[in-house]
Amino acid sequence: PMANSCGAVRDELLACLVETECMKRGGSLEECINVSDEDGGCATKRVAYMRCKRGQLDMRNRFKGNVPGALRAVEKREQE
């Protein structure tokens, strides 16, 4: 179901955020979610999650389902 199609991307983003220095020193989620990747943040995972959520609203995905392709692109970049 499309309602759960972004669950894995969301879980990955949350796991990344928990490991950031910002969260470890007691920063709020609002502060820490905007920290760039170079500074130890999770910006690419946040973008992947936003793209996945946007895909849920895209009516072209209504029949084929929302495939979080943005996550695959992020994983590919991280492996390189």
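Leaving aside its neighbours within four places in sequence, which residues is Leu29 in contact with? Leu17 and Met23 are the two residues that answer this. Leu29 itself is found in helix H3. With a relative accessibility of 44%, Leu29 counts as partly exposed, because that label covers values between 20% and 50%. Another residue to look at from here is Val18: along the chain Leu29 and Val18 are 11 residues apart, and their C-alpha atoms are separated by 9.4 Å. Keep in mind as you explore that this is a predicted model.

Let us step back and take in the whole chain. The protein chain has six helices and zero strands, and read along the sequence it follows the pattern α-α-α-α-α-α. Of its 80 residues, 29% are buried. There is also a figure for how the chain meets itself: among contacts with a separation of 6 or more, 56% are between residues 24 or more positions apart.

A good place to start the tour is helix H1, which takes in residues 7–18. How far apart are the end C-alpha atoms of H1? They are 16 Å apart, and this agrees with the 16 Å that 12 residues should span at 1.5 Å a residue. Now look at which parts of H1 are hidden. Gly7, Val9, Leu13 and Leu17 are its buried residues. Seen down the axis of H1, these buried residues fall within an arc of 160°, so they line one face of the helix. An α-helix has 3.6 residues a turn, so residues three or four places apart point the same way. On the face of H1 turned away from the buried side, you will find the exposed residues Ala8 and Val18. You have met two of these residues already: Leu17 is in contact with Leu29, and Val18 is the residue whose C-alpha atom is 9.4 Å from that of Leu29.

Next comes the partner of H1, helix H4, which covers residues 43–57. The 15 residues of H4 should span 21 Å at 1.5 Å a residue; the end C-alpha atoms are 22 Å apart, which agrees. Ala43, Lys45, Ala48, Cys52, Gly55 and Gln56 are buried in H4.

How do the two helices sit together? H1 and H4 pack at an angle of about 155°, and their axes are 9 Å apart. That angle makes H1 roughly antiparallel to H4, because angles over 145 degrees count that way. Their crossing is left-handed. On the H1 side, the contact is made by Val9, Arg10, Glu12, Leu13 and Cys16, while H4 contributes Lys45, Arg46, Ala48 and Tyr49. Val9 and Leu13 are also among the buried residues of H1, just as Lys45 and Ala48 are among those buried in H4.

Glu12 deserves a closer look. Its place is in helix H1, and at 26% relative accessibility Glu12 counts as partly exposed. Glu12 and Lys45 are 33 residues apart in sequence, and 7.4 Å apart in space from C-alpha to C-alpha.

Moving on along the chain, we reach the loop between H1 and helix H2 (21–24), where Thr20 lies. Is Thr20 buried or exposed? Its relative accessibility is 4%, so Thr20 counts as buried. Leaving aside neighbours within four places in sequence, Thr20 is in contact with Gly40, Gly41 and Cys42. Of these, Gly40 is found in another loop, the one between helix H3 (29–32) and H4. Gly40 counts as partly exposed, at 40% relative accessibility. Thr20 and Gly40 are 20 residues apart along the chain, with 6.1 Å separating their C-alpha atoms.

Our last stop is Cys22, whose place is in helix H2. Cys22 has a relative accessible area of 8% and is buried, because buried means under 20%. Which residues does Cys22 touch, leaving aside neighbours within four places in sequence? Cys22 is in contact with Gly27, Glu31, Cys32 and Val35. The C-alpha atoms of Cys22 and Ile33 are separated by 9.0 Å, and these two residues are 11 residues apart along the chain.

Definitions and conventions: Residues are numbered from 1 along each chain as its sequence is written. This is a predicted model: local features need pLDDT of at least 70, side-chain atom pairs count only at pLDDT 80 or more; totals for chains, interfaces and linings use all residues. Side-chain values use heavy atoms; hydrogens and water are left out. Helices (H or I, at least four residues) and strands (E, at least two) are DSSP runs, numbered from the N terminus. The expected span of a helix is 1.5 Å times one less than its number of residues. Buried means under 20% relative accessible area, exposed over 50%, partly exposed in between (1.4 Å probe, protein chains only). The arc is that of the directions from the helix axis to the C-beta atoms. Axes are lines fitted to C-alpha atoms, for helices over the stretch in contact, and angles run from 0 to 180 degrees between N-to-C directions. Angles under 35 degrees count as roughly parallel, over 145 as roughly antiparallel, 65 to 115 as roughly perpendicular and the rest as oblique. A crossing is left-handed if the near helix is turned anticlockwise from the far one by less than a right angle, and right-handed if clockwise. Contact means heavy atoms within 4.5 Å.
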